[in-house]
Amino acid sequence: MDSSEQAIFRAAVQGDREAFEMVIRSVSRNLFAIAYGVLQNREEAEDVVQDTFVKAWKSRWRVRDSAKLPAWLATIARHRARDLARKKRPEPLSENFESQEVVENASQTADLDGEVRSALAQLPELHRVALTLRYFEDLDYGTIEQTLGLTNGALRGILGRALGLMRKRLKPALASIG
Amino acid sequence: MATTHEQIDELLAADLHDELTAAERDEFHAHLVECAECRQAFQEGKNMNRILNETMAEKKADAGFETRMVSQFRDRVPKRSGLISLITDLMRVRAVQVTAVAAILLALAQMGKMITGESATQKQRSEYISNTVEAETDKPGATRDLGVLAKTDGRSKGADLVSQAPAPAPPQDKPQTETSLPVTVYSADVLSRQTSTAPKTKKMQAKDEKAPTSPAETSPEFVEERPTSPSAVGPTANRKLIRNATAELEVASFDESIQKITAFATEEKGYVATTSSEKQANGKLRGEIVVKVLPDNLDRFLGKLRGIGDLKNQALTTEDVTKAYFDTESRLKNARLMEQRLIEILKTKSKDVADLLEVEKELGRVREQIETMQGELKFMDSQVAFATVTITLAEKNMNLPAAFLLKEKAQLSLYATEVEKTYNEIKALASPKVQITNAQIDRDNTGRVSARLSLLLAPDESEGVIAKIKGMARVENFQVTTERVSQGGDGLGENAKTERDKVELNITLSRDEQETALQQTTLRIETSQVSEKTKQLRAIAEQQGGRIRSSSFSRDPNGREYSTVSLRVPMKNYSALMQALNGLGKVENVSVRRDDRPDSQIDEANAPADVSMTIYSQGNFISADTGMWATLRRTIGQGAAALMWSARMIGVAVAFLAPWALILGAVGWVARRVARARAARKQAAEQEAGRR
């Protein structure tokens with residue numbers, strides 16, 4: 001992170017609206033990706049991002065280390081999205097993906113988009129968020145890790161697993177394309 | 001290669017996302033060449049990646065997303081005015097928060113002070129004094145006791161002022177407020193003397209009036225402040241300390257100890273100031289010795305003292321007179337200056353004889369003061385130069401008694417038939433060895449007589465006299481207490497001799513009538529001739545040495561006669577009396593109560609026994625209350641009473657119920673009226689509706 005960015009973050013935390021708007025411009029897409037990753041719904045995700053900025057602005061004085069502002073924003077967005085998801089669907093999304101029987105042939109008739117969607121929905125939240133961040137914004141692994149607060153190198157395993165699961169679930173469809 | 005195979009998902013994804021290092025990529029692709037399964041997976045993965053890229057591209061944030069976000073943010077978070085935002089932002093800074101909390105606490109404390117009335121002026125004062133002290137410390141010589149030095153400095157300033165006195169400088173400009181009362185008043189005094197000779201009187205008089213008031217206002221304040229001013233504690237060497245010690249010792253021999261103490265005193269470069277001794281009744285010596293030693297040797301001297309005997313207690317006090325000493329010293333200095341000034345005035349400026357006399361008088365006063373102060377200083381010096389040790393010496397077994405005294409006290413209570421006679425008999429016993437210290441006889445309005453006597457008997461006569469008195473009347477109670485009093489101490493005193501002291505005898509005399517009977521008997525005798533038998537009874541009683549105490553006679557409407565007699569006989573005649581009574585008639589209801597006093601050895605034969613008798617006869621006529629008419633009358637009377645009672649009950653019931661009935665009736669009436677009114681209104685409405 002270069003020093004000008006740092007300065008912007010610091011100013012934003014200290015209450016400079018212009019700086020904060022610059023931060024909004026720079027991170028809103030990532031936040032959208034995260035929110036979408038959790039919620040799988042564009043309108044809701046957009047609302048979440050909006051709420052995130054308002055809330056962040058009001059409680060910006062809580063940020064001790066201004067360099068971590070993007071990660072902090074990402075955390076807020078993720079929490080808000082999760083809250084919304086929980087409200088919308090009282091029963092949590094299945095996290096127990098390993099034991100889940102892979103439905104191979106059930107979705108043969110459905111269109112590819114729907115299949116991808118349902119496969120995504122079956123992934124754990126973190127995996128989904130990582131995928132959306134990667135595919136929406138084409139971010140490199142390091143940035144994603146930083147945004148999600150992951151340790152160095154953890155993302156490779158997560159994305160690998162996510163893609164692997166997707167691949168297995170969409171095997172028939174993939175085969176047909178192939 | 002196995003690891004690559006196992007990690008195929010990870011490597012695959014990383015390869016697709018172009019996140020593999022060159023080495024990893026080489027290895028991965030090499031594995032793909034070898035492993036068909038992985039190759040298959042790779043192909044699928046590539047497709048997967050493509051699909052995802054395509055589907056996701058549709059869903060990701062659109063181009064105007066950021067701008068939308070910013071504008072929405074602007075809408076939802078309106079800009080606040082500069083000052084408010086500045087304040088709210090400021091409040092979020094930790095340092096500002098801490099400061100705010102501190103400020104609030106301070107304000108609370110200040111409010112608390114205001115409420116409790118702790119004046120803020122005090123604080124200002126102490127600041128003021130500390131300022132002056134600081135100012136004074138710069139001056140040479142101000143090192144140890146800052147409070148004192150600050151003050152003395154002030155004084156010397158006052159002295160300077162005195163020496164400058166003739167110069168017509170306005171006193172307000174001078175630091176006169178810091179000087180203390182005596183000196184300033186002084187200077188004003190002198191000024192007035194001076195100005196009376198000088199031509200420019202008016203101006204000076206005005207000053208004269210002003211000058212004494214200003215120190216009067218300020219000086220009490222100064223005095224009050226002094227204790228609050230910080231005073232540095234200096235080494236003891238330059239302080240004026242008066243050391244005093246007291247010790248109490250128990251020694252075997254008084255004289256020997258005095259010698260030893262004198263020797264110690266000379267060893268420690270001291271001297272014995274005073275000694276005093278006192279011989280006790282039991283031959284033991286007690287005394288006090290005052291020793292003066294050099295303060296530095298005091299502790300060693302006290303240590304030596306312990307060797308002499310048993311140290312009972314010891315106290316060491318130190319009085320710090322440094323301040324008083326320097327105060328007096330500086331005052332002395334001022335007084336000397338004053339003296340010189342006065343002498344100068346006397347020599348040079350004097351022309352008027354009256355003024356000269358005034359100055360002379362003033363000079364005398366100042367010199368007297370100087371002498372007093374010199375004396376004070378000298379006294380303090382002497383006190384400081386030597387420490388005073390006051391030693392109280394007492395020989396061992398100080399409390400051994402010299403002799404014992406047996407003190408006897410006897411208390412004798414007597415019942416006499418004729419109190420006055422016995423009283424006079426006892427009084428007649430008086431002789432040099434039998435002294436009557438107190439004798440009194442009381443008669444109350446019911447005719448009861450009692451007497452009290454106090455006698456002092458010589459020890460050898462006492463027993464005989466007491467026996468003689470006992471023979472004069474009946475003894476109710478005799479009590480002797482013997483007390484052994486030790487003289488000159490409270491120990492056992494094996495060798496002390498015992499002496500008998502005079503016997504103190506207190507006698508109370510009362511009439512035997514007042515004595516409670518040993519035995520009380522009540523009985524009834526039925527006879528037809530009551531009055532005759534009563535007469536016989538009196539005769540019997542007299543015969544048996546009894547005394548009639550009371551008697552009464554009565555007759556009731558039915559013709560029954562009662563005669564009650566109570567008499568008292570000595571116990572020895574009791575049984576004879578009882579037998580004689582049997583001859584009078586039918587004796588019934590005999591009850592005897594005897595007060596046994598097992599503890600007391602009384603003369604039972606002479607003890608009194610009370611007998612109270614009721615002699616009565618059966619009535620002769622029929623009662624007026626019997627018969628038909630009486631019965632009828634009673635029945636009607638009872639019936640009427642019952643009727644009246646029931647009438648009363650009815651009255652009570654009515655009183656209970658009437659208010660309730662009234663209330664209920666009123667409520668019912670109101671309810672009916674309301675219902676009627678409502679019905680009428682309804683009817684009217686219906687009619688109106690019908691008309692329409």
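This report describes helices, sheets and the chain contact in a predicted model.

**Chain A**

Chain A contains nine helices and zero strands. Followed along the sequence, its elements give the pattern α-α-α-α-α-α-α-α-α. Chain A has 178 residues, of which 41% count as buried. When contacts in chain A are restricted to residues at least 6 apart in sequence, 70% of them join residues at least 24 apart.

A buried position in this chain is A:Leu165, which is placed in helix H8 (residues 154–169) of chain A. A:Leu165 counts as buried because 21 C-beta neighbours lie inside 10 Å, the cut-off being 20 or more. A:Leu165 also illustrates a relation between separated parts of the sequence: A:Leu120 is 45 residues away from A:Leu165 in sequence, and the C-alpha to C-alpha separation of the pair in space is 9.3 Å.

The description of a helix pair rests on two quantities, the angle between the axes and the distance between them. For helix H4 (residues 69–88) and helix H7 (residues 141–148) of chain A, the packing angle is about 65° and the axes are 7 Å apart. On the H4(A) side the contact is made by A:Pro70, A:Ala71 and A:Ala74, and on the H7(A) side by A:Gln146, A:Thr147 and A:Leu148. By residue class, the contact of H4(A) with H7(A) comprises four nonpolar, two polar and no charged residues.

**The contact between the chains**

In the contact of the two chains, 32 residues of chain B meet 40 residues of chain A. Four helices of chain B, namely helix H2 (8–16), helix H4 (36–59), helix H5 (65–76) and helix H6 (82–91), each supply at least two residues of the side of chain B that touches chain A. H4(B) provides the largest share of that side, eleven residues. The side of chain B that touches chain A is made up of 13 nonpolar, eight polar and eleven charged residues.

**Two sheets of chain B**

One open sheet of chain B has five strands in the order E2-E3-E5-E1-E4, and its pairing is mixed. Strand E2 (271–279) and strand E4 (310–320) of chain B are at the edges; each has a single partner strand, so one side of each lacks a neighbour in the sheet. Direction ignored, neighbouring strands of this sheet are turned by 10° against each other on average. Within the sheet, strand E3 (residues 285–293) and strand E5 (residues 387–395) of chain B run antiparallel and are joined by eight bridges. Opposite B:Val291 stands B:Val389 in E5(B). Helix H12 (residues 254–267) of chain B lies across strand E1 (241–251), E2, E3 and E5 of chain B, and runs at about 0° to E3(B).

Another open sheet, also of five strands, has the order E12-E13-E15-E11-E14 in chain B, with mixed pairing. Its edge strands are strand E12 (547–555) and E14 of chain B, each of which pairs on one side only. From one strand to the next, the twist averages 10°. Strand E11 (residues 519–526) and strand E15 (residues 608–616) of chain B run parallel, with eight bridges between them. B:Gln520 has B:Asp610 in E15(B) as its bridge partner. Across E11, E12, strand E13 (561–570) and E15 of chain B lies helix H18 (residues 530–543) of chain B, which runs at about 5° to E13(B).

**Residues with positive phi**

The table lists two residues that have a positive phi.

| Residue | Phi | Location |
|---|---|---|
| A:Gln40 | about 60° | loop between helix H2 (17–39) and helix H3 (42–58) of chain A |
| B:Asn589 | about 50° | strand E14 (residues 586–594) of chain B |

Neither A:Gln40 nor B:Asn589 is a glycine. A:Gln40 counts as partly exposed because 18 C-beta neighbours lie inside 10 Å. B:Asn589 counts as exposed because 10 C-beta neighbours lie inside 10 Å, where 12 or fewer is the cut-off for an exposed residue. The strand that holds B:Asn589 is E14 of chain B, an edge strand of its sheet.

Methods: Residues numbered from 1 in each chain as written. Chains lettered and ligands numbered in written order. Predicted model: local features only at pLDDT ≥ 70, side-chain atom pairs only at ≥ 80, totals over all residues. Contact = placed C-beta atoms within 7 Å. Nonpolar A, V, L, I, M, F, W, Y, C, P; charged D, E, K, R; others polar. Pairing = 2+ DSSP bridges. Axes fitted to C-alpha atoms, helices over the stretch in contact; angles between N-to-C directions.
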